[in-house]
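Thanks for coming. Please have a look at the model on the screen, and I will go through a few parts of it.

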Amino acid sequence: MRLFVTSVFLAATIAACQSAASDSWRITLDAGNVDRVQSIVSFDPPAGLDAGSALVLVDDGGTTTPVQRHDDRLWFVLDRLDAHQTRTLTLRASASPAAGIAKQETEGAIAFSDAQGPILTYQSRPTPLPDPGFDPVFIRGGYIYPLFTPSGVLVVDDYPPNHLHHHGIWAAWTNTVFEGRTPDFWNMGDRKGTVEPVALDETWDGPVFGGARARNQYIDLTSGTRRPALDETWDVRVFHVDDGEHPYRLLEVRMHQTTATDSILTLPEYRYGGLGVRGHRQWDGEENAFFLTSEGLDRSNGHATHARWCHMGGYVDGQLAGIGMLAHPDNFRAPEPMRIHPTEPFFNWAPSQAGEWAITPDAPFDAAYRFVVSDGPPDAGLLDRLWQDWAEPVRVTVN
């Protein structure tokens with residue numbers, strides 16, 4: 001009888017060990033040629049992973065890193081890994097971690113924050129005009145405003161008096177041809193076109209990032225009827241990074257645009273149009289906003305040049321702050337040409353500067369941009385590293 005009980009106990013112990021082994025995986029990270037600091041890493045989940053459990057990565061010293069599931073990928077923030085180095089961690093189930101990025105939804109907007117305070121709000125519906133005397137044609141939704149540095153400095157503007165159609169971080173096309181007409185979706189005051197929010201499809205928060213997925217539509221107003229031209233999806237991601245040496249906020253916007261009908265949208269050569277950023281109102285004026293591109297150019301010589309990133313900044317109530325704007329190397333016409341306004345705090349990634357092109361039923365437009373929001377002057381070394389880190393992701397092997 002004693003032998004039978006012992007055998008049963010031994011079998012149960014072996015089964016438990018096998019189960020534990022099958023519920024953990026060894027994850028090897030390869031930094032490649034880039035120094036990794038607070039690097040955003042994602043990889044495919046291993047086969048057999050329980051779809052419902054919370055996850056962590058554990059190093060050999062027992063330190064844990066939270067892992068987040070999203071869009072059939074696993075995501076985490078790698079604290080540090082020097083170039084040409086590797087590290088192996090264990091992926092296993094864990095108790096659900098607290099959200100590093102929290103969301104708060106209100107009617108028409110979703111705000112994201114972390115333990116330090118608010119980060120940004122995505123305006124998912126048309127926002128009210130700041131002055132009832134403004135023409136209602138300028139009412140717009142589907143953009144990011146406000147946006148704050150780690151110390152709480154606001155770095156973008158909304159409905160600036162001299163450009164009511166500018167909105168924090170937003171997108172529209174200017175010079176276009178559609179079904180023989182020439183709608184302008186950017187300059188809404190001309191009543192030739194507009195961009196309207198359609199739906200907020202998904203929102204999320206978590207230990208690694210929060211976000212929102214929303215749809216907009218580009219409407220041609222030049223034919224006497226409202227004619228849809230483009231369907232657009234925005235994927236907004238707000239990452240939880242904690243680089244004590246260089247505090248910054250990190251967010252990402254991914255745009256996907258398809259034709260709304262069988263008609264193509266032609267985009268002739270033009271100096272601006274696409275994703276734009278309107279800086280703080282106190283940066284207005286030639287001497288009040290400062291620009292620096294990845295190629296070392298500034299406001300005086302950076303317009304219509306190509307770059308991997310561009311920083312725009314200035315003083316807000318005596319405090320220097322800014323926003324670095326990074327364009328992914330897989331974007332159309334990368335490194336993309338830029339619109340840097342000579343006197344206003346306005347920046348635009350402008351692929352149409354490089355010549356005519358088109359969005360067709362068989363050729364949608366996709367673009368990805370990251371934004372590094374920080375206090376103080378631009379840090380070219382930080383922006384270079386973050387761009388390189390995004391362009392050449394950490395290599396992940398699952399065993």
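**Sheet, pocket, cavity and cores**

I will start with the largest pocket. Strand S3 (54-58), strand S4 (64-70), strand S5 (73-81) and strand S6 (86-94) each supply at least two residues of its lining. Keep in mind that this is a predicted model.

Which strand gives the most to that lining? S5 does, with four residues. In total, 20 residues line the largest pocket, and Thr64, Thr65, Pro66, Val77 and Asp79 are the ones nearest its centre. By type, the lining has ten nonpolar, six polar and four charged residues. The volume of the largest pocket is about 350 Å³.

Now to the sheet. S3, S4, S5 and S6 belong to an open sheet of seven strands, and the order across it is S2-S5-S4-S3-S6-S1-S26, with antiparallel pairing. At the edges are strand S2 (36-43) and strand S26 (395-398), each pairing on one side only. From one strand to the next, the twist averages 30°. To take one pair, S3 and S6 are antiparallel and share five bridges. Within that pair, alanine 54 has serine 94 in S6 as its bridge partner.

S2 comes up again at the largest cavity. How many cavities of 30 Å³ or more does a search of the whole structure find? It finds one. The largest cavity has a volume of about 40 Å³. Its lining consists of Gln38, Ile40, Leu250, Leu326, Arg370, Leu386 and Asp389. S2 and helix H2 (380-391) each provide at least two of the lining residues. That lining divides into four nonpolar, one polar and two charged residues.

Next, the nonpolar cores. In soluble globular proteins, nonpolar side chains tend to be buried together. Here the largest nonpolar core has 65 residues, and those touching the most other members are Ile169, Trp173, Trp234, Leu275 and Phe371. Another core, of 19 residues, lies apart from it and includes Ile40, Val208, Leu250 and Trp309. We have met Ile40 and Leu250 already, in the lining of the largest cavity.

Last, a single strand, S19 (residues 290-293). Which of its side chains are buried? Phe291 and Thr293 are buried and point to one face, while Phe290 and Leu292 point to the other face and are not buried. S19 pairs with strand S20 (residues 309-316) in the antiparallel sense, over four bridges. One of the residues just named, threonine 293, has cysteine 310 in S20 as its bridge partner.

That is the end of my part.

Note on methods:
Residues are numbered from 1 along each chain as its sequence is written. This is a predicted model: local features need pLDDT of at least 70, side-chain atom pairs count only at pLDDT 80 or more; totals for chains, interfaces and linings use all residues. Side-chain values use heavy atoms; hydrogens and water are left out. Buried means under 20% relative accessible area, exposed over 50%, partly exposed in between (1.4 Å probe, protein chains only). Two strands pair if DSSP finds at least two bridges between them. On a 1 Å grid over the protein atoms alone, a cavity is a set of points where a 1.4 Å probe fits but cannot get out, and a pocket is an open set with protein on both sides within 12 Å along at least five of seven lines; lining residues have an atom within 4 Å of a point. Grid points are joined across faces, edges and corners, and a volume is the space filled by probe spheres set on the points. Ala, Val, Leu, Ile, Met, Phe, Trp, Tyr, Cys and Pro count as nonpolar, Asp, Glu, Lys and Arg as charged, and the others, Gly among them, as polar. Axes are lines fitted to C-alpha atoms, for helices over the stretch in contact, and angles run from 0 to 180 degrees between N-to-C directions. A nonpolar core is a set of buried Ala, Val, Leu, Ile, Met, Phe, Trp, Tyr and Cys residues joined through side-chain atoms within 4.5 Å.
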